[in-house]
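Please look through the sequence and the model below before reading on. The paragraphs that follow take a helix, the core, the cysteines and an annotated repeat in turn.

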Amino acid sequence: MLRRYTFSRGYLCRNLFRDSSTVCPKLKREFSMSQISNLRHKKENIDTKDLNRVNSRLNEQLLALEKMTKEVKMEIQKKKEEKQKVDLSNELGHKGSDEATEKDIDEVFDALGISSQEQTVEEKLQIGDSSMADSPSSRLDLNNCDDLMTLFPSPKPYVPLPGSITKILTTEQISNITQRETARWEPVIDAILQSSVCDPLSETLVDEPFTGFDFHKLVSVIPRKDKIPIVEKLHELALTSGVLWGDVRVLNDLLALCNLLPKGKAKTIVDLLLKDVDLGEQNDKKETANVTTRDEPIKANITTKSILLNHYARLGDVVSVRKYVSELNQLPKDKNPMMNSPIIYTSIMQMYIRLDNYELAKQTFDTMKFLSLSTSPSPHTYTSMILLDTLHNNIEHGISVHEEMQEKDIKPEPEALLALAKGCGARRGLVSQGWNYIIQYYENGYPVDSQVMEIMMYLAYVDGDLPFVRGIWMNICETNTKLAGNIQLPHPRATKWLFNAYYKVGDIMDAAKGGKTHTPVGIVDSRVRAIRTKVLELTSFDFHSNSPPLLPLIDFDGSNTKLMLSEAHAIWRYILDLDVKGSYISESLVEAYLYIVGRYGLLETFESEWNRLTYFDTSSLQGEVINIEEPDGSDAVDIENETDRNNTSTTSVNPIESAFSHLPMGKLPRNDRFYNMAMHVARHQASLAFAQKIWTERGSFRKSESFQRLTPAQQDVADFKFARLMLSALTHTGNVGDAYKLVLSSQNRFVWSKYHLKSLLSLCERLGYTSFAKELLKVVRRGAKWTRRQEKLEE
C-alpha cells in the first residue's frame, strides 16, 4: 500500500514539473503546496490503518514464533534425553530398555509354561526392506573410479568402519560384512589381529593409527548377537593394540562386553581389568586423555560404575550393587544415570528375580514407576512383574499392574495376558476373570498357538468343564500330528491337566450331593461359550489311524465314573506304548494318573498300580535296612473290568497276564509328593490300615539321604503337611482317639490352628468328646499366641 502510494506521488511530481520553463513559478508553488497538503493528509490516514494492521500481524507472528521456539526446545530436550538413553544403553551392553531383560526372565517364562515369541528369519527378511535397500553394499559409489569402471563394484561393509580398519581389510574380508542378516565378524576381527595394529612384524601395515575412538566405534557398530562369539577376540584386540591404556571409554566397552559372557568367565575378566582401574575418583567426561605410562591406573567415570553395577547385579552380589547405587545417588540428578534410564533398575530387578527375592523385586519395580518418567518400566518389565506375581501366588498385584498398564495406554505383551489368565485359574472365584484375559488376547490379534490352547485348557480344567478339556486336548494332538507327520501328543502338562480334570469331576459331583451346583464359565459366558462350541465342533476322534483312545462322545461330562476311569486308563496305556524311551512320562504325570485310580477305582487296584509304578528306595537309608515286599505279576488288576467304586463289597478283581503299566524308564522312587497323594487316597477310600502303612513307610523315608538333605525348616514344613493329611484320614474314618493323640503329641513342633482342627472339633462335639474339644482349643490358643509373638519379632 505504501509502495504504491509513493510511486504514484513520484509519478505525479515528475509529470507536473517536467517542463518547469513553461509554468508560472507562483502557480507552480501554489499548486505544489496544495497538492502536498492533500497528499500529507491522505498519507496520515493510510499510515494509521496500515500501522495497526502491521502491528497486529507482527503480534501474531511473535506469538507463533514463541510457540515454535518452545516446541523446538522441547524437541531438542527430548532428542537429548533419547540420545543419553541410547548412549547409556550401548555402553552398558544392552540392546534397549525394552529388551534389557535376558535369560533370567526367559526362565521365569518357562516356569509358567510360557515362552516368549521370537521373530523368524523369514519375517525379518521381508521384500522391500529399507534397511537392505539402502545398505552401503547395494549402492554404487559415483566418486570411486574403480566402481565406475567395473561391472561388479567392490563390496562395502553395511556399517561405517574406522578408516584405520577399512584400509587393512581385503575385498574378501569385507565381503563377510556386506549384509546385516548374513554378516560374519570373526574373519574381520582375525584380520585386524594379524595386521600391524596388533602385530608389529605383520606384513599388513596400517596407514592410520588405531586409536581408542576407533575401537569404541568398531564395538558400537557390531550388533549384540554378533558380539557374543567374538567377545574374547575384542578383548585381545584392545590389549594387544594398546588402546586400553589410559582410555576409560575402551575400558567401559570391555566391561560391557563381559555381560555377554558366562557369569564365571565374566567375573574373572572383570576382576583382572579392575586391577588397573582407580574407582575412587569419578571422571564425568565421556573421554579422558591417555595417561603417559601404563603404570598409572585408569580413572573410572560414571559410566564405568553403571556398568559395574549391572555386572554385579548379574552375579547377584547385593553388597556391591548397593555400594554402587549409593555412590551414584550422591551425584546430581542430571548426571545420575539411574535417573535418566530404566536400564540400571531393570538390572537390579533381574538380580532379585535370580535370587528369588520377590519383595525386593517388587520394591524395585515400584521405584522405577515413581522415581521419574525416564525410569518408567518398559512393557517387557511390566510383563516380568506380572510373571513374578503369578509365580508367587500374588495374582491380585498382577491384576493391579495390568490395570495400571491400561490406564497408561501400554499394550500388554501376550506373555503377560497368558500369565494373568493362568494365575486367575489358580485362585478360586477368578476363573471368569482369567477368561477375560484370554478374550483380550484374541482382541489384540496375538497368534493362537498350542500354549494359548493349553492356558484355555487349564482354565477349563479348574472350572470342571471336562468336555471342553477333552476337546482342547484332542485338537492340540491333531494339530501337532499334522505338523509332524506322525502322532505327537500335547505337552505333558496338558495331559496332566486332562487327568486332573477327571479328578475335578469327582469334586463337583460330591458338592452336588451336598446341594452345591456348579456351572462352568464356558456355558454361562456367551463369549467363552462361542469358543467352546467352536472347539467341540472341530474335535475329531479319528483324525489318525493311531489316534488317542478317547471315547467318541463330544459332551462326555464324566457322570459315569466307570467310563471315565476306563478312558483315563486307556490313555495311560496309550502313552506308555508311544513313550518307548520314557521321556514323556514325569513324576507329576504318574501322580495325576494314580490320583484318578485312587478316587474311582478299588483300593486293591490302586495298591497294584502304586507298587508297579513306584518303589521304596532302601539304598539311601542311613543306618537302617528295611525290606519291602513287592507284588508279583499275579497281583495286577484289570481296571477296565472293574465295576463302579460304590459296589466294591461285591466286586471281584480279575488278574491280567501282562504288567501293561510298567514304566519304560523303570519305577520311580517314592518321595513326599507320592506319600501325600497316597494318604489322600487312604482318606478317600476310608482305609485306616492303608493310611497306617503309608505313615510307617514315610517314617522310614525320613531317614533317607534325600530327606536329610533338606533344611530343618523344610523338613518341618513337609512333616506338618503330611501330619495334616494323616489327621484328615483319621477324622474321616471317625478315629477320634488317634486323631486327638496325633495333635497333642505334635503341639510342641507344629502350630495347629482352628482351621486345621475344624473337622476334628466338629466330630468331637458331635460324638460327645467335650474334654477332647477343650484340650484341642487350648492347643489352638497356644499356637495363636506363638504366631503373634513371631510377628512381633519380625516387626
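How far apart are the end C-alpha atoms of helix H30 (residues 587-600)? In this predicted model, where local features need pLDDT of at least 70, side-chain atom pairs count only at pLDDT 80 or more, and totals for chains, interfaces and linings use all residues, they are 20 Å apart, which agrees with the 20 Å that its 14 residues should span at 1.5 Å a residue (the expected span being 1.5 Å times one less than the number of residues; helices are DSSP runs of H or I, at least four residues, numbered from the N terminus). Residues are numbered from 1 along each chain as its sequence is written, and side-chain values use heavy atoms, with hydrogens and water left out. Because 13 of the 14 residues of H30 are buried, this helix is largely enclosed by the rest of the structure; buried means under 20% relative accessible area, with a 1.4 Å probe and protein chains only.

The largest nonpolar core (buried Ala, Val, Leu, Ile, Met, Phe, Trp, Tyr and Cys residues joined through side-chain atoms within 4.5 Å) has 193 residues, and those with the most contacts inside it are Trp185, Ile192, Ile348 and Phe499. Helix H24 (residues 450-462) supplies the largest share of this core, 10 residues.

Turning to the cysteines, the structure holds zero disulfides, a disulfide being a pair of cysteine sulfur atoms within 2.5 Å. Cys424 is buried, with a relative accessible area of 0%, and Cys477 also counts as buried, at 0% relative accessibility.

Finally, an unreviewed UniProt entry places the feature "repeat: PPR" at residues 378-412, where the chain is 74% helix and 0% strand and the end C-alpha atoms are 10 Å apart.

How values were computed. Buried means under 20% relative accessible area, exposed over 50%, partly exposed in between (1.4 Å probe, protein chains only). Helices (H or I, at least four residues) and strands (E, at least two) are DSSP runs, numbered from the N terminus. UniProt positions are given in the numbering used here, feature names are shortened, and annotations may be inferred rather than shown by experiment.
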